[in-house]
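Biologist: Could you take a close look at one spot in this chain for me, and then at the packing around it? I'd like it as one connected story rather than a list.

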Amino acid sequence: MASYKKDYIFYGIVILVAIFFLSATTQIHSANTTATLGPKFWPLIILIMMLIFAFMGIIKTFISHKRIVNGNVTWAEDPEDPERKLFNIPLSLISMSSIILYALGIFFIGFILSTIIFLFVLTQVLGAKKKLLLLILSIIITGLCIALFSHVLSVPLPRGIGIFRELSFWFY
C-alpha cells in the first residue's frame with residue numbers, strides 16, 4: 001500500500017477518535033461554576049488541536065503527492081523506504097526501549113536528569129548531528145516542562161532517589 005494511503009487512513013482514524021471523544025467531552029459537567037477553566041477545558045483544547053492537525057495532515061499529504069507535469073495532474077508514488085537501523089537494530093526497537101529506560105530512569109534519577117538524557121540520546125539516535133545544540137535544547141525543553149508542570153499547573157514531578165532527590169529540590 002502506498003504511503004499516502006496509509007497517511008489518509010491514519011488521519012481518518014485520528015479524526016474519528018477526536019470526534020468521538022469530543023462528543024463525550026461536551027457531557028462533562030462542572031460542579032464549581034465559579035472556576036474560569038472547568039474540567040472540560042483541557043480535553044476540549046486537546047481534541048480540537050487533534051482535529052486541526054489531522055486536517056492539516058490530510059491537506060499536506062494531498063499536496064505533497066500531487067505532481068503537476070505539463071499541466072496534467074499526476075500522483076507521485078513513493079518508493080518503499082528501507083527501514084533505518086543502528087547497529088543492525090531497527091530504530092523503532094531502539095526508540096521503544098529508550099522510552100522504557102526513560103520511565104525507569106524517572107523513578108531512580110528523577111525527572112530532570114532522565115529527561116535531559118532521554119531527549120539528548122533519542123535525538124542523536126534519530127539522526128541529529130550537532131551535539132552541543134542538542135544538549136542545550138534538551139536542557140531548555142526540560143526547563144520548560146518543569147516550569148509548566150511544576151510551577152504553573154502544580155503537578156508534582158518525580159524527584160528520584162538519594163542525591164538526585166536532594167538536587168531536584170533546587171529546581172522544583
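Modeller: Let's begin with the contacts across the whole protein chain: of those with a separation of 6 or more, 52% are between residues 24 or more positions apart. Keep in mind that this is a predicted model. The protein chain has 172 residues, and 23% of them count as buried. It's built from five helices and four strands, and reading along the sequence you get α-α-β-β-β-β-α-α-α.

Now for the close-up, which is K40. You'll find K40 in the loop that joins helix 1 (3-25) to helix 2 (41-64). Is K40 buried or exposed? Neither, really: its relative accessibility is 32%, so K40 counts as partly exposed. What does K40 touch, once you set aside its neighbours within four places in sequence? The answer is T25, T26 and I28. To get a feel for the spacing there, take A24: it sits 16 residues from K40 along the chain, and the two C-alpha atoms are 10.0 Å apart.

Next, the two helices that this loop connects. Helix 1 and helix 2 pack with their axes 9 Å apart, at an angle of about 160°. An angle over 145 degrees counts as roughly antiparallel, which is why helix 1 gets that label relative to helix 2. The crossing of this pair is left-handed. On the helix 1 side, the residues in contact are Y4, D7, Y8, Y11, V14, I15, A18, I19, F21, L22 and T25. Their partners in helix 2 are P43, L44, L47, I48, M50, L51, A54, F55, G57, I58, T61 and F62. Sorted by class, this contact comes out at 19 nonpolar, three polar and one charged residues. Notice that T25 turns up twice, in the helix 1 list and among the contacts of K40.

Right after K40 come a couple of aromatics worth a look. The ring centres of F41 and W42 are 5.3 Å apart and the planes make 75°, so this pair is edge-to-face. F41 counts as partly exposed because its relative accessibility is 29%, and W42 lands in that class too, at 47%. A stacked pair is formed by Y102 and F118, with 4.5 Å centre to centre and 25° between the planes. Y102 is buried at 18% relative accessibility, and F118 is buried as well, also with 18%. The count of aromatic pairs comes to five.

For a second helix packing to set beside the one at the loop, try helix 3 (residues 91-125) and helix 4 (residues 131-152). Their axes are 9 Å apart and the angle is about 140°, which makes helix 3 oblique to helix 4. Here the crossing is right-handed. Helix 3 brings F111, I112, T115, I116, L119, F120, T123 and Q124 to the contact, while helix 4 brings K131, L134, L135, S138, I139, I141, T142, C145 and I146. By class, that gives eleven nonpolar, five polar and one charged residues.

Back to your spot, then: K40 is a partly exposed residue in the loop between helix 1 and helix 2, and those helices are roughly antiparallel and cross with a left-handed sense.

Key. Residues numbered from 1 in each chain as written. Predicted model: local features only at pLDDT ≥ 70, side-chain atom pairs only at ≥ 80, totals over all residues. Heavy atoms only, no water. Helix = DSSP H or I, 4+ residues; strand = E, 2+ residues; numbered from the N terminus. Buried < 20%, exposed > 50% of the residue type's maximum accessible area, 1.4 Å probe, protein only. Contact = heavy atoms within 4.5 Å. Axes fitted to C-alpha atoms, helices over the stretch in contact; angles between N-to-C directions. Parallel < 35°, antiparallel > 145°, perpendicular 65-115°, else oblique. Left-handed = near helix turned anticlockwise from the far one by under 90°. Nonpolar A, V, L, I, M, F, W, Y, C, P; charged D, E, K, R; others polar. Phe/Tyr/Trp six-rings, centres within 6.5 Å; stacked < 30°, edge-to-face > 60°.
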